[in-house]
Amino acid sequence: MAQQVNIAELSLPQLEVLKSQMDQEVEFLSSSIAQLKVVQTKYVEAKDCLNVLNKNNEGKELLVPLSSSVSFLRNNNILEQLQLFNFFFLI
């Protein structure tokens, strides 16, 4: 458990060290939040892509993403293949 310290009793060099530690922690937390937002966006995009794979779209052409900027056109017979293989092996 962290030790409590009265900052009014700290010297200037100790306050500078404390400020530096707090700046590093804020930077780390900000970076973590940014990474979580990226992951959240990718999750939502993947979820939206999977919503296209339903019986109503079977036999229709669709774009299959290879990356965030590259896709290829494919006939949507993936529903049957998903039962046999992992989705990543289909691409």
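Start by colouring the chain by pLDDT, the predictor's confidence in each residue, from 0 to 100. Among the elements of the protein chain, helix H3 (residues 87-90) has the lowest mean pLDDT, 44, and H1 has the highest, 91. Now select residues 79-91: the pLDDT is below 50 over this stretch, which still has 19 contacts in the model beyond near neighbours in sequence. A contact here means heavy atoms within 4.5 Å. Where pLDDT is low, the predicted coordinates should not be read in detail. Over the protein chain, the mean pLDDT is 76, with 66% of residues reaching 70 or more.

This is a predicted model, in which local features need pLDDT of at least 70 and side-chain atom pairs count only at pLDDT 80 or more, while totals for chains, interfaces and linings use all residues. Residues are numbered from 1 along each chain as its sequence is written, and side-chain values use heavy atoms, with hydrogens and water left out.

Next, switch to a cartoon view. You will find three helices and two strands, running α-β-β-α-α from the N terminus on. These are DSSP runs numbered from the N terminus, with helices (H or I) of at least four residues and strands (E) of at least two.

Now go to helix H1 and select Lys-19 and Asp-23. They form a salt bridge, with the closest N and O atoms 2.7 Å apart; the term means a side-chain nitrogen of Lys or Arg within 4 Å of a carboxyl oxygen of Asp or Glu. The structure holds one salt bridge. Both residues lie in helix H1, four residues apart, about one turn of the helix. Lys-19 is exposed, at 51% relative accessible area, and Asp-23 is partly exposed, at 40%. The classes are buried under 20%, exposed over 50% and partly exposed in between (1.4 Å probe, protein chains only).

Stay in helix H1 (residues 12-52) and pick Leu-15, which is partly exposed with a relative accessible area of 32%. Add Ile-7 and Leu-12 to the selection: with Leu-15 they make a nonpolar surface patch of about 280 Å². Patches are made of residues with over 30% relative accessible area and no salt bridge, joining like charges within 9 Å and nonpolar side chains (Val, Leu, Ile, Met, Phe, Trp, Tyr) within 5 Å.

Finally, show the surface of the protein chain. Its accessible area comes to about 8,100 Å², of which 59% belongs to carbon and sulfur atoms, computed by the Shrake-Rupley method with a 1.4 Å probe; for residues, only the protein chains shown count as cover. Buried residues make up 9% of the 91 residues.
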